[in-house]
Amino acid sequence: MDPEDVASIEDPRDRARAANKLIDEYQTAITELSEVRRDTLRDLLAAGMSQTAIADLLEMSKSRISQLLSAGTRPERTFLGTGKLTVAVGGKFEAGKPDPGAVVSSESFGGYEIIADLARSVGLDAACEVVPPPGHVRLNRANLAVMGGPRLLPFLDQVLDADPHLGFLHDDGGWRLVDNTTGKEYRSPIDDGEATDYAYLGRLPRPDGKGNFLYLAGIHAPGNLGAAHFIADNIADLRRELKTRRFSLLVASRFHPKDRKKILATERLTPIYRHEGQ
């Protein structure tokens with residue numbers, strides 16, 4: 001629908017609703033494109049192009065180019081989104097209560113807090129959304145991060161089919177991660193009593209094909225927290241290398257043996273796989 005279509009709506013109530021919706025869509029698009037333009041200007045400068053040359057290319061004044069570069073937020077922001085970030089976290093019902101509410105593990109909520117603090121540090125608001133069983137999370141929306149493995153969020157197992165490199169498998173021994181490129185499988189060391197967990201981290205396509213979302217999924221809850229730590233510790237490099245492209249990798253997180261909420265170190269288990277065709 002374009003402005004002419006909106007103007008032709010006879011019922012003023014429907015016309016007002018349609019106009020308001022279209023304005024919101026346009027404003028979101030303008031915000032996203034402004035971030036893309038600013039990010040691209042920085043890339044051109046990093047490649048050795050002068051502000052004068054960029055101004056000539058875009059048919060703008062040099063002062064306008066300087067204004068665009070200085071007006072933006074930290075470039076890392078684009079890795080997370082262009083507006084208020086929603087972090088949807090897989091929850092489970094509390095046991096032993098007649099009317100249980102959905103709760104998240106303390107490790108997963110700690111992961112949300114790390115992502116939320118990171119988002120605020122680059123100029124984005126953030127909110128937590130608990131996804132109750134059976135894990136029906138709404139993926140077709142902008143500025144979304146999802147946290148939780150396919151055990152709590154079963155539909156994500158199907159979305160992961162879009163990743164040609166990495167994914168989850170399940171058998172009688174429980175959940176494990178697999179690198180389809182190398183054939184290597186990763187069972188969580190937690191299952192053998194070690195203070196380490198593994199997690200999937202990636203940017204995947206929305207089912208409606210109109211965007212992407214970030215996905216953090218530990219085999220167990222400490223993996224969720226570790227994946228959040230990995231993003232916070234490496235966001236500058238991740239943004240510089242990937243920008244908003246689809247990707248995936250596996251992360252190992254070592255935590256304190258007596259406190260699973262205390263991550264001691266994180267590291268990549270796999271290369272950063274870039275997904276083609278996006």
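Start with the largest nonpolar core of this predicted model. It has 36 residues, and the members that touch the most others are Phe79, Leu80, Val87, Leu201, Leu216 and Phe247. Quite a few elements chip in: helix H5 (77–80), strand S1 (85–90), helix H6 (106–121), strand S5 (144–147), S9, strand S10 (212–218), helix H8 (221–242) and strand S11 (247–256) each supply at least two residues. H8 gives the most, with eight residues. A core like this fits a general habit: in soluble globular proteins, nonpolar side chains tend to be buried together.

Pick out Phe247 and look around it. Leaving aside neighbours within four places in sequence, Phe247 is in contact with Phe79 and Leu201, both of which are also on the list of residues touching the most other core members. The other contacts of Phe247 are Gly202, Arg203, Leu214, Leu242, Ile272, Tyr273, Arg274 and His275. Apart from this core lies another one, made of 25 residues, including Val146, Tyr186, Leu204 and Leu250.

Now step back for a moment. The whole protein has 278 residues, and 44% of them count as buried. Its chain folds into eight helices and 13 strands, and the C-alpha trace spans about 60 × 55 × 30 Å along the principal axes. How much of the contact network joins residues at least 24 apart in sequence? Among contacts between residues at least 6 apart, the share is 61%. On the outside, the accessible surface comes to about 14400 Å², with 49% of that belonging to carbon and sulfur atoms. As for charge, there are 36 positive and 40 negative side chains, and the centres of the two sets lie 4 Å apart.

Back inside, S5 is a good strand to follow. In a regular strand the side chains alternate between the two faces of the sheet. Is S5 covered on one face or both? Both faces are covered: Leu144 and Val146 are buried on one side, while Ala145 and Met147 are buried on the other. S5 also has strand partners to show you. With S1, S5 pairs in the parallel sense over four bridges, and Val89 has Met147 as its bridge partner. S5 and S10 pair in the parallel sense too, over three bridges. Here Met147 turns up again, standing opposite Leu216 in S10. That Leu216 is one of the residues touching the most other members of the largest core.

A further set of strands is worth a visit: strand S6 (residues 166–171), S7 and S8. S6 and S7 pair in the antiparallel sense over six bridges, with Phe168 matched to Leu177 in S7. These two strands form a hairpin with two residues between them. S7 then pairs with S8, again running antiparallel, through four bridges. In this pairing, Val178 has Glu185 in S8 as its bridge partner. The hairpin of S7 and S8 has four residues between the strands, and Gly183 there takes a positive phi near 85°.

How covered is S7 itself? Six of its six residues are buried. One residue to look at in S7 (residues 174–179) is Trp175. Setting aside neighbours within four places in sequence, Trp175 is in contact with Pro150, Arg151, Phe168, Leu169, His170 and Ile219. Trp175 and Ala221 are 46 residues apart in sequence, yet their C-alpha atoms are 12 Å apart in space.

Ile219 leads on to the next stop, as it is also in contact with Ser188. Ser188 is found in the loop between strand S8 (184–187) and strand S9 (196–205). Is Ser188 buried or exposed? Ser188 counts as buried because its relative accessibility is 1%, against a cut-off of under 20%. Besides Ile219, the contacts of Ser188 beyond four places in sequence are Thr196, Asp197, Tyr198 and His220.

Finish with another loop residue, Thr82, which lies between H5 and S1. Thr82 has a relative accessible area of 18%, so it counts as buried. Leaving aside neighbours within four places in sequence, Thr82 is in contact with Thr31, Glu32, Glu35, Arg77, Leu124 and Asn143.

Note on methods: Residues are numbered from 1 along each chain as its sequence is written. This is a predicted model: local features need pLDDT of at least 70, side-chain atom pairs count only at pLDDT 80 or more; totals for chains, interfaces and linings use all residues. Side-chain values use heavy atoms; hydrogens and water are left out. Buried means under 20% relative accessible area, exposed over 50%, partly exposed in between (1.4 Å probe, protein chains only). Contact means heavy atoms within 4.5 Å. Accessible areas come from the Shrake-Rupley method with a 1.4 Å probe; for residues, only the protein chains shown count as cover. Lys and Arg count as positive and Asp and Glu as negative; His and the chain ends are not counted. The place of a charge is taken as NZ of Lys, CZ of Arg, CG of Asp or CD of Glu. A nonpolar core is a set of buried Ala, Val, Leu, Ile, Met, Phe, Trp, Tyr and Cys residues joined through side-chain atoms within 4.5 Å. Two strands pair if DSSP finds at least two bridges between them.
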